[in-house]
Protein chains: 2
Amino acid sequence: MKHYSKQTRILTAIDCIIFGFDGREIKLLLIKRGFEPEKGKWSLMGGFVQPDEALEQAATRILMQLTGLSGVYMEQVHAFGDLNRDPVERTISIIYFALVDIHKYEKQISEDYHAEWFPLKKFPRLIFDHERMVQMAKEKLQYKAAFHPILFELLPEKFTLPQLHSLYEDIFNASLDKRNFSRKIHSAKLLIKLKEKEKENSKKGAYYFKIDKKKYKSIFYSVFNFIPNPDTHK
Amino acid sequence: MKHYSKQTRILTAIDCIIFGFDGREIKLLLIKRGFEPEKGKWSLMGGFVQPDEALEQAATRILMQLTGLSGVYMEQVHAFGDLNRDPVERTISIIYFALVDIHKYEKQISEDYHAEWFPLKKFPRLIFDHERMVQMAKEKLQYKAAFHPILFELLPEKFTLPQLHSLYEDIFNASLDKRNFSRKIHSAKLLIKLKEKEKENSKKGAYYFKIDKKKYKSIFYSVFNFIPNPDTHK
């Protein structure tokens with residue numbers, strides 16, 4: 001196996017881009033880095049891949065250690081491998097995005113882990129190439145959300161149509177016609193209307209909905225166009 | 001930098017999934033592996049990342065060395081990192097897809113490099129996890145092609161609408177209504193009609209078209225829904 005023994009071995013890390021939705025806008029979870037270099041600066045959650053871990057296992061462990069989160073939706077986005085992206089030693093970083101319902105974890109994350117949520121539209125400077133990582137994770141989320149009902153991972157158990165509409169507008173950074181959106185969403189037959197209304201944001205109130213979980217699973221992997229109105233995206 | 005020095009370094013490879021289009025169907029370029037283990041078996045084009053190479057540089061070099069191809073469209077797809085995916089030693093493989101116009105390179109590839117094109121719908125057994133890699137590259141191509149005019153990289157300088165239609169049907173594995181397809185493609189204003197006709201496949205003939213290169217570049221990175229008729233994809 002001469003071919004193998006002559007080759008270079010490279011440090012491999014995982015960085016996690018954690019997206020949350022608070023009912024109005026998409027947010028990003030950041031921590032202050034705990035070791036040198038760049039100690040104390042804002043950073044994605046990251047760590048090195050261990051010898052006995054597959055990549056997904058490493059991502060799950062790192063998320064758990066740094067935020068206490070488990071069982072959340074995660075997906076690999078990209079490998080970053082520029083020679084000098086880490087000043088200490090060449091490190092390839094493989095990035096994952098995670099989608100969480102902010103309200104479910106808000107208290108735990110901020111009290112136990114000193115992590116903070118920032119609006120995806122306005123967050124502080126990040127170390128290394130972490131800002132490019134966030135950008136790429138956002139693009140991947142757009143692709144996925146266009147075909148799969150993935151954004152529901154960001155919503156609480158029950159939610160209103162205006163909340164869902166805000167979520168789609170925010171992730172596609174576009175203004176989406178409300179009637180068209182509502183028609184497309186209903187034609188997917190994914191939602192179950194509840195009897196209860198949310199009345200904080202308007203006098204008339206907005207009905208709560210929940211996901212039809214069976215339906216959700218069955219259509220998740222089919223190619224399905226979820227962009228409510230493509231013509232508004234040019 | 002104690003934190004770094006204690007970590008494990010891992011072999012890193014690149015594997016390339018090379019897609020081509022021959023006017024009728026999508027094809028996949030494969031070679032017989034030149035070293036142990038699995039020497040002589042069908043494989044993707046691969047090689048190890050060198051210490052002085054960024055990932056994209058390694059992918060470009062490997063493609064050039066094994067096929068003679070250069071200047072083709074390449075894009076990273078995914079990192080595969082299961083512990084035992086390579087029986088010799090743990091190796092993380094980062095995969096790229098490449099899109100080429102088959103006719104442009106047909107002779108050079110088969111004569112000088114002993115590589116072979118197989119239909120994407122029916123190709124031989126591949127080593128390791130290379131079949132999963134092909135599947136994932138195909139999915140990524142579908143996502144990209146839904147938003148960007150990326151499939152034009154697979155077409156020759158001039159092509160007919162029936163060819164373009166076949167290409168989209170083949171990659172989405174769906175039957176697309178011809179009139180709707182034609183309307184969507186023309187509304188993108190990407191094509192320039194030529195005076196010449198292709199007459200091999202019908203008496204009436206089909207006009208050749210070429211891409212408006214300026215337009216192509218300017219819309220490439222905008223979010224644009226290129227699925228001709230999403231409702232046929234359920």
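Reader: Let's start with B:Phe128: at its relative accessibility, what does this residue count as?

Author: This is a predicted model, so everything here is read off computed coordinates. B:Phe128 sits in the loop between strand 7 (116-119) and helix 4 of chain B. Its relative accessibility is 24%, and the buried class needs a value under 20%, so B:Phe128 counts as partly exposed.

Reader: Which residue of chain A is B:Phe128 in contact with, leaving aside neighbours within four places in sequence?

Author: On its own chain, B:Phe128 is in contact with B:Arg33, B:Pro37, B:Glu38, B:Arg85, B:Asp86 and B:Pro87. One more name on that list carries the other chain letter, and that is A:Tyr4.

Reader: And how far is the C-alpha atom of B:Phe128 from that of B:Lys215?

Author: Along the chain, the two residues are 87 places apart. In space, their C-alpha atoms are separated by 41 Å.

Reader: Moving on to B:Asp170, is it buried or exposed?

Author: B:Asp170 belongs to helix 5 (residues 161-172) of chain B. Its relative accessible area is 13%, and the cut-off is under 20%, so B:Asp170 is buried.

Reader: An Asp in there must have partners. Which side chain joins that of B:Asp170 in a polar contact?

Author: Not counting residues up to four places away in sequence, B:Asp170 touches B:Glu25, B:Ile26 and B:Lys121. With B:Ile26, the side chain of B:Asp170 reaches the backbone nitrogen, at 2.7 Å. The side-chain to side-chain polar contact spans 2.3 Å, and the partner there is B:Lys121.

Reader: Now the two chains together. How much area do chain B and chain A bury between them?

Author: In contact terms, 50 residues of chain B meet 50 residues of chain A. On the chain B side, B:Tyr4, B:Arg9 and B:Tyr143 lose the most area, together 16% of what that side buries. Carbon and sulfur atoms account for 62% of the buried total, which comes to about 4,500 Å².

Reader: Which residue of chain B forms a salt bridge with A:Arg9?

Author: The count between the two chains is 2 salt bridges, alongside 21 residue pairs in polar contact. In the one with A:Arg9, the closest N and O atoms are 2.7 Å apart, and the residue across from A:Arg9 is B:Glu89.

Reader: Which element of chain B gives the most to the side that touches chain A?

Author: Several elements give two or more residues there, including helix 1 (2-5), strand 1 (9-21) and helix 2 (55-67) of chain B. By class, that side has 25 nonpolar, 13 polar and 12 charged residues. The top contributor gives 5 residues, and that element is helix 4 of chain B.

Reader: Strand 1 caught my eye. What is the bridge partner of A:Ile10 in strand 1 of chain B?

Author: Strand 1 (residues 9-21) of chain A and strand 1 of chain B pair across the chains, antiparallel, over 3 bridges. In that pairing, A:Ile10 has as its bridge partner B:Ile10.

Reader: Within chain A, how many residues of strand 2 are buried?

Author: Chain A has 7 helices and 10 strands, and buried residues make up 54% of its 234 residues. Strand 2 (residues 26-32) of chain A is mostly covered, and of its 7 residues the number buried is 6.

Reader: Which residue takes a positive phi in the hairpin of strands 1 and 2 of chain A?

Author: Those two strands run antiparallel and are joined by 4 bridges, with A:Phe21 opposite A:Ile26. The hairpin has 4 residues between the strands, and the one with a positive phi near 100 degrees is A:Gly23.

Reader: What stands opposite A:Lys32 in strand 3 of chain A?

Author: Strand 2 of chain A also pairs antiparallel with strand 7 (residues 116-119) of chain A over 4 bridges, where A:Leu30 faces A:Glu116. With strand 3 (residues 42-43) of chain A, strand 2 has 2 antiparallel bridges. There, opposite A:Lys32, stands A:Trp42.

Reader: Last one: which are the edge strands of the open sheet 8-10-9 in chain A?

Author: This sheet has 3 strands with antiparallel pairing. Strand 10 (residues 206-211) of chain A meets strand 8 over 2 bridges, with A:Phe159 opposite A:Phe209. The edge strands each pair on one side only, and they are strand 8 (159-160) and strand 9 (191-198) of chain A.

Note on methods. Residues are numbered from 1 along each chain as its sequence is written. Chains are lettered from A and ligands numbered from 1 in the order in which they are written. This is a predicted model: local features need pLDDT of at least 70, side-chain atom pairs count only at pLDDT 80 or more; totals for chains, interfaces and linings use all residues. Side-chain values use heavy atoms; hydrogens and water are left out. Contact means heavy atoms within 4.5 Å. Buried area is the accessible area (1.4 Å probe) that two parts lose on being put together, summed over both. A salt bridge is a side-chain nitrogen of Lys or Arg within 4 Å of a carboxyl oxygen of Asp or Glu. A polar contact is a pair of N or O atoms within 3.5 Å; within protein, one must be able to donate a hydrogen and the other to accept it, and residues adjacent in sequence count only if both atoms are side-chain atoms. Ala, Val, Leu, Ile, Met, Phe, Trp, Tyr, Cys and Pro count as nonpolar, Asp, Glu, Lys and Arg as charged, and the others, Gly among them, as polar. Two strands pair if DSSP finds at least two bridges between them. Buried means under 20% relative accessible area, exposed over 50%, partly exposed in between (1.4 Å probe, protein chains only).
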